[in-house]
Each structure stands twice: as structure tokens, then as C-alpha cells.
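Let's take a walk through this protein together, from its overall layout down to single side chains. Have the sequence and the 3D view open side by side as you read.

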Amino acid sequence: AEAKQRSHPSGGGVFRARPCGYVFKRGDIAWNCRTCQTDSTCVICDNCFKNSNHDGHEVFFHRTTPGGCCDCGDAEAWKLEGC
């Protein structure tokens with residue numbers, strides 16, 4: 001079952017009841033938000049990005065190689081003041 005999502009109180013990113021953990025396949029889209037991430041390795045999958053609000057943030061995407069996972073819901077990956 002899909003984890004429940006709720007908006008961060010500031011209206012920014014999405015916090016999940018548990019981390020998404022989607023494992024990237026070759027060619028998937030991974031999003032970086034330089035405004036929210038704690039370091040350059042923190043990424044979110046396309047689905048999580050589309051279900052979050054990064055309006056006005058510095059965002060970019062790239063195509064993935066197999067491996068690595070979505071960091072959505074990992075409190076250590078995202079700055080609360082950014083999201």
C-alpha cells in the first residue's frame with residue numbers, strides 16, 4: 001500500500017509516514033532540489049517530485065543508472081527550512 005503523504009507545515013516538500021525508498025532503474029528521472037537537500041546525493045523520484053511543492057526552488061533532474069533510491073521521507077536528507 002502507498003504510504004500516507006502529508007504536506008510539510010511550511011507548504012513545501014512532502015513528508016511521508018515512511019521513506020519512499022523507490023530503487024531507480026536505468027533511465028528513470030531523479031530530481032534534486034538544491035534548496036531542500038542536505039547534500040548533492042539527496043534525490044527524489046519523479047512520482048514524489050510531482051506530489052511535492054518546490055515552486056521557486058532551485059531544481060534539476062537527471063536520468064539515472066540502476067541503483068540508488070528515492071530519499072523522500074528521509075528526514076536526514078532534507079533541510080526543514082528549505083522544504
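What follows goes from confidence and layout to the sheet, the core, the cysteines and the aromatic rings.

First, some housekeeping. This is a predicted model, so local features need pLDDT of at least 70 and side-chain atom pairs count only at pLDDT 80 or more, while totals for chains, interfaces and linings use all residues. Residues are numbered from 1 along each chain as its sequence is written, and side-chain values use heavy atoms, with hydrogens and water left out.

How far can you trust it? The predictor's confidence in each residue is the pLDDT, which runs from 0 to 100. The protein has a mean pLDDT of 82, and 76% of its residues reach 70 or more. Element by element, strand β1 (residues 5-7) has the lowest mean, 40, and β5 the highest, 97. Residues 1-12 have pLDDT below 50, and beyond near neighbours in sequence this stretch makes 25 contacts in the model; a contact means heavy atoms within 4.5 Å.

Now the layout. You'll find 1 helix and 5 strands here, in the pattern β-β-β-β-α-β as you read along the sequence. These elements are DSSP runs numbered from the N terminus: helices are H or I with at least four residues, strands are E with at least two. Of contacts between residues at least 6 apart in sequence, 68% join residues at least 24 apart. As for burial, 40% of the 83 residues count as buried, where buried means under 20% relative accessible area, exposed means over 50% and partly exposed lies in between (1.4 Å probe, protein chains only).

Next, look at the sheet. In which order do its 3 strands line up? The order is β4-β3-β5, in an open sheet with antiparallel pairing. The edge strands, β4 and β5 (59-63), each pair on one side only. Two strands pair if DSSP finds at least two bridges between them. Between β3 and β5 there are 5 bridges, in the antiparallel sense, and Ile-29 stands opposite Arg-63 in β5. On the other side, 2 bridges join β3 to β4, also antiparallel, with Trp-31 opposite Ile-44 in β4. Because 4 of its 5 residues are buried, β3 is largely enclosed by the rest of the structure.

That brings us to the core. In soluble globular proteins, nonpolar side chains tend to be buried together. A nonpolar core, as used here, is a set of buried Ala, Val, Leu, Ile, Met, Phe, Trp, Tyr and Cys residues joined through side-chain atoms within 4.5 Å. The largest one has 15 residues, and those with the most contacts inside it include Phe-24, Ile-44, Cys-48 and Trp-78. Three elements give two or more residues to this core: β3 (29-33), β4 (44-45) and α1 (46-50). The largest share, 3 residues, comes from β3.

Cysteines also turn up among the core residues with the most contacts, including Cys-45, Cys-70 and Cys-72. Cys-70 touches Cys-20, Gly-21, Tyr-22, Phe-24, Val-43, Ile-44, Cys-45 and Cys-48, leaving aside residues up to four places away in sequence. How many disulfides does a search of the whole structure find? The count is 0, with a disulfide taken as a pair of cysteine sulfur atoms within 2.5 Å. Take Cys-72: the closest cysteine sulfur, in Cys-48, is 3.8 Å from its own, too far for a bond. Cys-72 is buried at a relative accessible area of 4%, and Cys-42 is buried too, with a value of 4%.

Finally, the rings. Rings of Phe, Tyr and Trp (its six-membered ring) pair if their centres lie within 6.5 Å; planes under 30 degrees apart count as stacked, over 60 as edge-to-face and the rest as tilted. The whole structure has 3 aromatic pairs. Tyr-22 and Phe-24 form an edge-to-face pair, 5.7 Å centre to centre with 85 degrees between the planes. Tyr-22 is partly exposed at 28% relative accessible area, whereas Phe-24 is buried at 4%. The rings of Trp-31 and Phe-61 have centres 5.1 Å apart and planes at 50 degrees, so this pair is tilted. The pair links distant parts of the chain, with Trp-31 in strand β3 and Phe-61 in strand β5, 30 residues apart. Trp-31 counts as buried at 14% relative accessibility, and Phe-61 as partly exposed at 46%. Ring pairs also bring in Phe-49, linking Trp-31, Phe-49 and Phe-61 into a cluster.
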